[in-house]
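Me: I am new to this structure and should like to understand the terms used to describe it. Please show how each term is justified.

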Amino acid sequence: METVLEMRGICKAFPGVQALDQVDFAVAPGEVHALLGENGAGKSTLIKILAGLYTPDSGEIFFRGERLTRLKPDQIQARGIGFIHQERTYIPYFTVGETLFLGREPRRRTGLIHWRRLYREAEEVLSSTVGLAIDPRTRMAQLTVSERQLVDIARVLLTRPSLVVFDEPTGPLSEGEIQRLFSVIRHLRQQGVTVIYISHRLDEIFQLCDRATILKDGRKVATVSVAETSPEAVVRLMVGRELKEQFPKLSLTPGEPVLEVTGL
Ligand code: ADP
Ligand code: MG
């Protein structure tokens with residue numbers, strides 16, 4: 001199989017917990033690949049290693065044939081990988097336009113920021129990438145959670161990534177907002193962008209993803225093709241047993257009494 005990204009034998013321990021244990025993870029070009037597992041399975045840790053935020057204890061990462069070692073987050077970004085992290089930060093008193101172009105503001109020949117151009121381009125970018133029609137002079141603090149997330153996505157897409165990672169993006173979103181996010185992701189796939197979609201929600205994976213890699217307790221359990229599997233089979237892989245077997249029926253044969261209480 002052709003791969004754009006390959007992570008091999010990734011290990012990472014935190015004090016008292018082996019967050020990742022020999023994880024292999026390979027992503028094909030142009031697919032939406034789910035990284036699925038219960039809370040604490042190690043999904044965010046794996047992605048933070050890819051982002052250059054954590055150093056793995058061991059393992060290798062290859063992206064488009066290049067081995068990535070000890071790269072800083074901006075070097076990862078320069079190679080065309082973008083991240084929508086689970087814990088997002090923003091500066092509340094910044095405008096949407098300032099947030100989008102932070103560090104790469106369009107400038108006049110004098111070196112001063114070209115504000116009119118910045119806001120004009122911000123408006124264009126927001127509507128063309130995430131379909132958001134808001135005044136880019138609005139302060140971040142005044143946006144809804146969903147709007148802030150779309151601004152964050154537009155900010156990442158401005159760097160023209162060929163791979164985008166979404167870490168549990170739907171947590172704070174309503175059903176309508178989730179469908180809007182999904183259409184943004186489907187649009188990315190149409191444009192040939194590869195997507196890693198992290199979630200612990202099965203229904204989302206079956207709506208959106210081509211393949212899924214399942215993590216459990218820091219280990220890779222399997223990679224499955226979504227069209228060729230069922231939610232029940234995936235749950236079994238995620239939790240390591242079938243839900244209805246959580247309280248197994250035991251057939252017991254009574255033996256001799258071990259305690260008798262009479263005349264209480
Ligand atoms: P997931 O994203 O699948 O919910 P995480 O990757 O966040 O899981 O966490 C995997 C395990 O590593 C958990 O047991 C978590 O408590 C632990 N962990 C994650 N980040 C840290 C950290 N910075 N320091 C200590 N332990 C961490
Ligand atoms: Mg997480």
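Reply: The turns below take up the ligand and then the two sheets of this model, which is predicted.

Me: What makes a residue part of the surroundings of ligand 1, and which residues are they?

Reply: A residue is counted if one of its heavy atoms lies within 4 Å of the ligand. Ligand 1 is surrounded by Phe14, Val17, Ala19, Glu38, Asn39, Gly40, Ala41, Gly42, Lys43, Ser44, Thr45 and Tyr54. By character, this shell divides into 5 nonpolar, 5 polar and 2 charged residues.

Me: How do you know that lysine 43 has a polar contact with ligand 1?

Reply: The cut-off for a pair of N or O atoms is 3.5 Å. A polar side-chain atom of lysine 43 lies 2.8 Å from an oxygen atom of ligand 1, so the pair qualifies as a polar contact. For threonine 45, a polar side-chain atom is 2.6 Å from an oxygen atom of the ligand, so this pair qualifies too. In tyrosine 54, an N or O atom of the side chain is 3.2 Å from a nitrogen atom of ligand 1, and therefore this is a polar contact as well. Taken alone, the ligand exposes 560 Å², of which the protein buries 63%.

Me: Which elements give two or more residues to the shell around ligand 1, and which gives the most?

Reply: The elements are β2 (17-27) and α1 (43-50). The most comes from α1, with 3 residues.

Me: Why are β2 and β5 called edge strands?

Reply: They belong to an open sheet of 4 strands in the order β2-β1-β4-β5, with antiparallel pairing. Both β2 and β5 (66-67) pair on one side only, which is what the name expresses.

Me: What makes β4 and β5 a pair of strands?

Reply: Pairing requires at least two bridges. Strand β4 (residues 58-63) and β5 have 2 bridges in the antiparallel sense, so they count as paired. Phenylalanine 63 stands opposite glutamate 66 in β5. Helix α1 lies across β1 (5-14), β2 and β4, and runs at about 115° to β1.

Me: How is the sheet of 6 strands ordered, and which are its edge strands?

Reply: This open sheet has the order β6-β7-β8-β3-β9-β10, with mixed pairing. Its edge strands are β6 (81-84) and β10 (219-225), as each pairs on one side only. From one strand to the next, the twist averages 15°.

Me: How do you know that β9 and β10 pair?

Reply: Strand β9 (residues 211-216) and β10 are joined in the antiparallel sense over 6 bridges; at least two are needed, so the pairing holds. Lysine 216 stands opposite arginine 219 in β10. The hairpin of these strands has 2 residues between them, and aspartate 217 takes a positive phi near 50°.

Me: Which strands does helix α8 lie across?

Reply: Helix α8 (residues 231-239) lies across β3, β9 and β10, at about 30° to β9. Helix α6 (residues 175-190) lies across β3 (32-36), β7 (163-167) and β8 (194-199), running at about 150° to β8.

Definitions and conventions: Residues are numbered from 1 along each chain as its sequence is written. Chains are lettered from A and ligands numbered from 1 in the order in which they are written. This is a predicted model: local features need pLDDT of at least 70, side-chain atom pairs count only at pLDDT 80 or more; totals for chains, interfaces and linings use all residues. Side-chain values use heavy atoms; hydrogens and water are left out. A polar contact is a pair of N or O atoms within 3.5 Å; within protein, one must be able to donate a hydrogen and the other to accept it, and residues adjacent in sequence count only if both atoms are side-chain atoms. Accessible areas come from the Shrake-Rupley method with a 1.4 Å probe; for residues, only the protein chains shown count as cover. Ala, Val, Leu, Ile, Met, Phe, Trp, Tyr, Cys and Pro count as nonpolar, Asp, Glu, Lys and Arg as charged, and the others, Gly among them, as polar. Contact means heavy atoms within 4.5 Å. Axes are lines fitted to C-alpha atoms, for helices over the stretch in contact, and angles run from 0 to 180 degrees between N-to-C directions.
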